[in-house]
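Reader: I would like a close look at one part of this protein, the open sheet and what surrounds it. Please go strand by strand, then turn to the core and the salt bridges.

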Amino acid sequence: MIQLKTMPLTEVLVSNNAVALSSTSLPVSSVVIQAEYTNVGRIVVGDSTVTNTTGLELGPGDTTSISMESLHKQGEFDLADVYINSTTSGNKVRCLAFRRK
């Protein structure tokens, strides 16, 4: 069985400063990440070293997902290990996390 967890908005307060999607350990099987429609710049998704010029870019309203299934693996990954960065201070993302029960 899968449990859906709605995450609070995550904001990059200062551009080019990576922020984790979860402040505590949160094992998940997949996550959907959506850049806020009101963002001015781009969001960049990656690991803790992501900068505003590396990683996967999302424009305002763009969505991406990360899942163990897409990697052809079973299990979970820690949402605290997924980071966002931004080209503009104040940009935000919305996330839906999926956990196995």
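Author: What follows takes the sheet, then the nonpolar core, then the salt bridges.

The model is a predicted one. Its open sheet has four strands in the order E3-E10-E6-E7, and the pairing is antiparallel. Strand E3 (19-20) and strand E7 (56-58) are the edge strands, each pairing on one side only.

Strand E6, residues 43-46, is a good place to begin. On one side, three bridges join E6 to E7, and the two strands run antiparallel. Within this pairing, Val 45 stands opposite Leu 56 of E7, while Ile 43 has Leu 58 of E7 as its bridge partner. E6 is also joined to strand E10 (residues 83-86), here by four bridges, and again the two run antiparallel. In that pairing Ile 43 stands opposite Ser 86 of E10. Ile 43 therefore has a partner in E7, namely Leu 58, and Ser 86 opposite it in E10.

E6 also has a part in the core. The largest nonpolar core holds 19 residues, and Leu 21, Ile 33 and Leu 79 are the ones that touch the most other members. Two or more residues of this core come from each of strand E5 (30-35), E6 and strand E11 (92-100). Leaving aside residues up to four places away in sequence, Leu 21 touches Met 7, Thr 10, Ile 33, Leu 79, Val 82, Ile 84, Val 93 and Cys 95. Ile 33 and Leu 79 thus appear among the contacts of Leu 21.

That leaves the charged pairs. The model has two salt bridges. One is between Glu 36 and Arg 94, with the closest N and O atoms 2.4 Å apart. Glu 36 lies in the loop between E5 and E6 and Arg 94 in strand E11, so this pair ties together parts that are 58 residues apart in sequence. Glu 36 has 13% relative accessibility and counts as buried, because the cut-off for buried is under 20%. Arg 94, at 43% relative accessibility, counts as partly exposed.

The other salt bridge is between Arg 42 and Glu 57, whose closest N and O atoms are 2.9 Å apart. Arg 42 lies in the loop between E5 and E6, and Glu 57 in strand E7, so the parts tied together are 15 residues apart in sequence. Arg 42 is partly exposed, with a relative accessible area of 34%. Glu 57 also counts as partly exposed, at 42% relative accessibility.

Terms used. Residues numbered from 1 in each chain as written. Predicted model: local features only at pLDDT ≥ 70, side-chain atom pairs only at ≥ 80, totals over all residues. Heavy atoms only, no water. Pairing = 2+ DSSP bridges. Core = buried A, V, L, I, M, F, W, Y, C linked by side-chain atoms within 4.5 Å. Buried < 20%, exposed > 50% of the residue type's maximum accessible area, 1.4 Å probe, protein only. Contact = heavy atoms within 4.5 Å. Salt bridge = Lys/Arg side-chain N within 4 Å of Asp/Glu carboxyl O.
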